[in-house]
Amino acid sequence: MKASKVAYKPVGLVLGAASGLIAGAVFKQAWKIIEGEGDAPDATDEDRTWQQILLAAAIHGAIFAVVKASVDRSGAVAIRRLTGTWPG
């Protein structure tokens with residue numbers, strides 16, 4: 001296994017956890033803008049419509065994917081700068 005892959009493993013774990021926290025915070029703010037106030041609906045929230053639940057899920061998924069890709073890419077670039085090789 002390349003040294004860059006080994007070096008990226010712990011970095012990737014930390015960045016993965018951080019990206020989840022960041023994505024959650026971004027989603028909460030985005031949902032407040034979309035709905036005005038309140039928490040995003042859960043799939044089992046009886047008082048919410050299908051449209052609200054599916055919209056929340058789609059937005060949450062999109063935000064999570066963008067944040068995760070951004071954080072992963074930044075981590076890989078940092079490892080390349082440190083080791084001189086790409087960790088992938």
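**Exercise 1. Contacts of glutamine 52**

Task: In this predicted model, find which residues glutamine 52 is in contact with, leaving aside its neighbours within four places in sequence.

Solution.
- Step 1. Place the residue: glutamine 52 is in helix α2.
- Step 2. Set aside the neighbours within four places in sequence; the contacts of glutamine 52 are then Trp31, Glu35 and Pro41.
- Step 3. Check a distance along the chain. Glutamine 52 and serine 74 are 22 residues apart in sequence, and their C-alpha atoms are 33 Å apart in space.

**Exercise 2. Contacts of alanine 56**

Task: Repeat the search for alanine 56, not counting residues up to four places away in sequence.

Solution.
- Step 1. The residues that alanine 56 touches are Phe27, Trp31, Ala40 and Pro41.
- Step 2. Compare with the previous list: Trp31 and Pro41 are among the contacts of glutamine 52, and both are also touched by alanine 56.
- Step 3. Alanine 56 belongs to the largest nonpolar core, as do Phe27 and Trp31.

**Exercise 3. The largest nonpolar core**

Task: List the residues of the largest nonpolar core and say which helix gives the most to it.

Solution.
- Step 1. The core has nine residues in all: Ala23, Phe27, Ala30, Trp31, Ala56, Ile59, Ile63, Val67 and Val71.
- Step 2. Assign them to helices. At least two residues of this core come from α1, and at least two from α2.
- Step 3. The helix that gives the most is α2, with five residues.
- Step 4. Take one member as a test. Alanine 30 is in helix α1, which covers residues 3–35. Its relative accessible area is 19%, so alanine 30 is buried, the cut-off being under 20%.
- Step 5. Pair alanine 30 with isoleucine 63. The two are 33 residues apart along the chain, and their C-alpha atoms are separated by 9.2 Å.

**Exercise 4. Salt bridges**

Task: How many salt bridges does a search of the whole structure find, and how exposed are the residues of aspartate 72's pair?

Solution.
- Step 1. The search finds two salt bridges.
- Step 2. One joins aspartate 45 and arginine 48, with the closest N and O atoms 3.7 Å apart. This pair counts because the cut-off is within 4 Å.
- Step 3. Aspartate 45 has 27% relative accessibility and is therefore partly exposed; arginine 48, at 24%, is also partly exposed.
- Step 4. The other joins aspartate 72 and lysine 68, with the closest N and O atoms 2.8 Å apart.
- Step 5. Both residues of this second pair, aspartate 72 and lysine 68, lie in helix α2 (residues 50–83), four residues apart, about one turn of the helix.
- Step 6. Aspartate 72 is partly exposed at 23% relative accessibility, and lysine 68 is partly exposed at 33%.

**Exercise 5. The largest pocket**

Task: Give the space in the largest pocket and sort its lining residues by type.

Solution.
- Step 1. The largest pocket holds about 160 Å³ of space.
- Step 2. Its lining consists of Phe27, Lys28, Trp31, Lys32, Gly38, Asp39, Ala40, Pro41 and Asp42.
- Step 3. By type, the lining has four nonpolar, one polar and four charged residues.
- Step 4. Look for overlap with earlier results: Phe27, Trp31, Ala40 and Pro41 line this pocket, and alanine 56 touches these four residues.

**Exercise 6. Lysine 2 and proline 87**

Task: Where does lysine 2 lie, and how many residues separate it from proline 87 in sequence?

Solution.
- Step 1. Lysine 2 is in the segment before α1.
- Step 2. With a relative accessible area of 44%, lysine 2 is partly exposed.
- Step 3. Lysine 2 and proline 87 are 85 residues apart in sequence, while their C-alpha atoms are 7.7 Å apart in space.

Conventions:
Residues numbered from 1 in each chain as written. Predicted model: local features only at pLDDT ≥ 70, side-chain atom pairs only at ≥ 80, totals over all residues. Heavy atoms only, no water. Salt bridge = Lys/Arg side-chain N within 4 Å of Asp/Glu carboxyl O. Buried < 20%, exposed > 50% of the residue type's maximum accessible area, 1.4 Å probe, protein only. 1 Å grid on protein atoms, 1.4 Å probe; cavity = no way out; pocket = protein on both sides within 12 Å on 5 of 7 lines; lining within 4 Å. Points joined across faces, edges and corners; volume = space filled by probe spheres on them. Nonpolar A, V, L, I, M, F, W, Y, C, P; charged D, E, K, R; others polar. Core = buried A, V, L, I, M, F, W, Y, C linked by side-chain atoms within 4.5 Å. Contact = heavy atoms within 4.5 Å.
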